[in-house]
Amino acid sequence: MASLSFWLVGQSSVLAATGLGETVAVVKSKSMAAADQIVRGIRLICERPETGVSIQEYQAQDPGAAATLKAAVPALIVALGKEAFDLVLAQTQDKPMVVSRLMHPADLEGISARVAGVTLLVPIRLRLECLTKIMPGIKRVGVIYDPAQNQADVDEGAKAASGMGIELISFPVKAVEDVVGGLSHAAIDVLLMIPDTTVCQPAAIKAILMDMAAKKIPVVGISRYYAQSGALVAIEPDYLDHGRQVGEAALRIIKGEKVFSIAFVYPVKTAYFLNVAIAERLGIKINEAAKNQATGVFGQ
Amino acid sequence: MRISIATKVIVFTAVQVIFFTFVLGWYFVAQETLEARASLTKLGSTLSKNLARQSEWLIVSRDREGLRRLLSGVLESGPDIVYAAVKSRNGDILASVGQEAHSSDVQEFGHVVNTRVAQSVDETVDMTAESGGRQEPIGWVSLYISLASVKKRMDDIKNMAFGAVFLIIVVAIQSSFAFTKFFIVMPLRPLLKGIESIIKGDITYKISRPPKDEFGDIAISFNVMVKSLETTYVSRDYLGNILHSVAGALMVLSPEGVILMVNRAAMEFLGYSQDELLGQSLPALLAEPAAAGDYLQDKKNVFLAFLTKEGKRIGSAFSVAAMKDESGALTGYVILARGALIK
């Protein structure tokens, strides 16, 4: 009997350690177009047979999402995007959480004991690495941004660029109306855009694309929509790989690791989209290998 | 003061027509004014809204030349647009065309220029799509539209309405005049002619082809009345012939003794004509007037002495018969000479 009790305790310890039988709630934001790809990546990691973890998906915009989430009692909640993050943060007080969205480490200040972050923010270094594969000869890369939001990233990116033999020329702007004016004397090979609420506004994006097209300067956007709208290249995280990163963080927490011990995770793989019509208009020749490796090619 | 039916009808119609046409004219002008103003407001609002939409990225890109070209296009799109301007969020004029004028002849339309702004960095990923973010003001567009053409249009409408009212009044008066003449005055004429004929003693007048309306009913009634009168007149003549054929003098008196009827013999007896005798009082013809009351009794025989026209005294035995109606009330006397005249 005593040996049986010991065996049961041992088994439950093993179950607790592996997370067998636990449920992970994944709450998606409607506005996050890549959410399904990320979920696929999460499932690839978490739903491996040996983990025993099951995934439950929720939509943050569903009227009963909060109540359903509370009733479900998951071991961990994964929030994909801002709406999901806001909802989960407001509705659950003590559940550990992994959040996937465009964010800086500073955005998790005060909640890092409970929330582990896997950002969608592709570092400038990674963007430049991707870009040099597509346009190997570039030397002067412009980056337009609001210093209040992205100065640290740009500084870090400038260092990385320097190591790659590229000069990162910064164009800081403080208001959306200053965007095109700020680029009026840009002597650059390519303009790199980064996620920034001052710059990445519809009218400003349109103005940038038209202004740069007139100056025959290619633009590198932050998502496939930019390439569709007239950017030569758009670099975004590899969402499937990002999902894996989220899944791994989630699994570590389920296995018993403390949330605060999990470091802020950046994307390590990128995907890019090309607009060959823009390339043709700008007189830029894109090599076939770059075209073949692109996740999507527009303007064919 | 005699006012004819035609005048009354025309005045009545004219007053009504003037009142209603003025009310309708006023309503029409008021409606047109409202519509013109609403149309102008809609035009101004639509133009300024479109201009604001098209200015969005030009403001963002601070493309003053592009804005000026856009405004020039707006100015050329309508002769009534006299001024157009685009201002920044701070109120600085980025571009303007035309002459800015503040007067009652110009109406200003404005619209805020908004741009969609991502509320979080997450939204910047697909901000090229037409969704997400919130609208934030980045500028203002102003359009000044001249009211000259609207005012001219209103003047034209007022003139047209006044002309129409005047025309309607003239036509209505003419119509009422013609209506009165053809449907009231003309049907009344044969009726009036018939009445005049009867007054003159012609009781044979008939209204031929009476109209098929109320006047026709009156004409038919008139013809029936004439026929009845004709019958009555024939009876009266028949009675008169009987009276005149009586050999003795005969007089019919009222209860007061006034002569109502005499026969030829009585006229010859007294020497008066019929016209002279009718209406005369019996005592005035008697030789002894004071005794007249005594004679006017229901008596078989009484001797009466008269004074002829020539002043001669003449007498005879008369039979006096009192006439009574069905209730027994006295209605008059019949005096008939029974014997020879005594001079």
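The exercises below, each with a worked solution, concern a predicted model with chains A and B.

**Exercise 1. The two chains in outline**

Set out the secondary structure, the buried share, the accessible surface and the contact separation of chain A and of chain B.

Solution. Begin with the secondary structure, where chain A has 12 helices and 12 strands, while chain B has 8 helices and 9 strands. Next take burial: of the 300 residues of chain A, 52% count as buried, and in chain B, which has 343 residues, the buried share is 38%. Turning to the surface, chain A has an accessible area of about 13,200 Å², with 55% of it belonging to carbon and sulfur atoms, and for chain B the area is about 20,600 Å², with 59% belonging to carbon and sulfur atoms. Finally, consider the contacts between residues at least 6 apart in sequence: in chain A, 67% of these join residues 24 or more positions apart, and in chain B the corresponding share is 53%.

**Exercise 2. A helix pair across the two chains**

Describe how helix H8 of chain A packs with helix H1 of chain B, giving the geometry and then the residues that make the contact.

Solution. The geometry comes first, and two packed helices are described by the angle between their axes and the distance between the axes. Helix H8(A), residues 202-214, and helix H1(B), residues 5-60, pack at an angle of about 65°, with the axes 8 Å apart. The crossing in which H8(A) passes H1(B) is right-handed. On the side of H8(A), the contact is made by Ala203(A), Ala204(A), Lys206(A), Ala207(A) and Met210(A), and H1(B) contributes Glu56(B), Trp57(B) and Val60(B). Sorted by class, these residues comprise 6 nonpolar and 2 charged ones, with no polar residue in the contact of H8(A) with H1(B).

**Exercise 3. A buried threonine and its neighbours**

Locate Thr124(B) in chain B, classify its burial, and list the residues that it touches beyond four places in sequence.

Solution. In the first step, Thr124(B) is placed in the loop between strand S3 (106-117) and strand S4 (134-146) of chain B. In the second, its relative accessible area is 0%, and Thr124(B) is therefore buried, the cut-off being under 20%. In the third, the contacts are read off: Thr124(B) touches Leu102(A), Pro195(A), Asp196(A), Thr197(A), Cys200(A), Ile222(A) and Tyr226(A) from chain A, together with Ala118(B) from chain B. One of these partners, Cys200(A), is itself buried, at 0% relative accessibility. Another cysteine, Cys130(A), is also buried, with a relative accessible area of 5%. As for disulfides, the structure holds 0 over all chains.

**Exercise 4. The end of helix H4 and the loop that follows**

Work out the surroundings of Leu243(B) and of Gly248(B), using burial, contacts and C-alpha separations.

Solution. Leu243(B) is found in helix H4 of chain B, and its relative accessible area of 13% makes it buried. Leaving out residues up to four places away in sequence, Leu243(B) touches Leu250(B), Met261(B) and Asn263(B). Asn263(B) is 20 residues from Leu243(B) along the chain, and their C-alpha atoms are separated by 5.7 Å.

Gly248(B) lies in the loop between helix H4 (214-245) and strand S5 (250-253) of chain B. Its relative accessible area is 19%, and Gly248(B) counts as buried because the cut-off is under 20%. With neighbours within four places in sequence left aside, Gly248(B) is in contact with Asn263(B), Ala265(B), Leu336(B) and Ala337(B). Between Gly248(B) and Ala266(B), 18 residues apart along the chain, the C-alpha separation is 7.2 Å.

**Exercise 5. Positive phi outside glycine**

Where do Val73(A) and Arg209(B) lie, and are they buried or exposed?

Solution. Val73(A), whose phi is near 50°, a positive value in a residue other than glycine, lies in the loop between helix H3 (65-72) and strand S3 (76-80) of chain A. With a relative accessible area of 56%, Val73(A) is exposed, since the cut-off is over 50%. Arg209(B) has a positive phi of about 45° although it is not a glycine, and it lies in the loop between helix H3 (148-199) and H4 of chain B. The relative accessible area of Arg209(B) is 80%, and by the cut-off of over 50% this residue is likewise exposed.

Key: Residues numbered from 1 in each chain as written. Chains lettered and ligands numbered in written order. Predicted model: local features only at pLDDT ≥ 70, side-chain atom pairs only at ≥ 80, totals over all residues. Heavy atoms only, no water. Axes fitted to C-alpha atoms, helices over the stretch in contact; angles between N-to-C directions. Left-handed = near helix turned anticlockwise from the far one by under 90°. Contact = heavy atoms within 4.5 Å. Nonpolar A, V, L, I, M, F, W, Y, C, P; charged D, E, K, R; others polar. Disulfide = S-S within 2.5 Å. Buried < 20%, exposed > 50% of the residue type's maximum accessible area, 1.4 Å probe, protein only. Areas by Shrake-Rupley, 256 points an atom, 1.4 Å probe, with all protein chains shown as cover.
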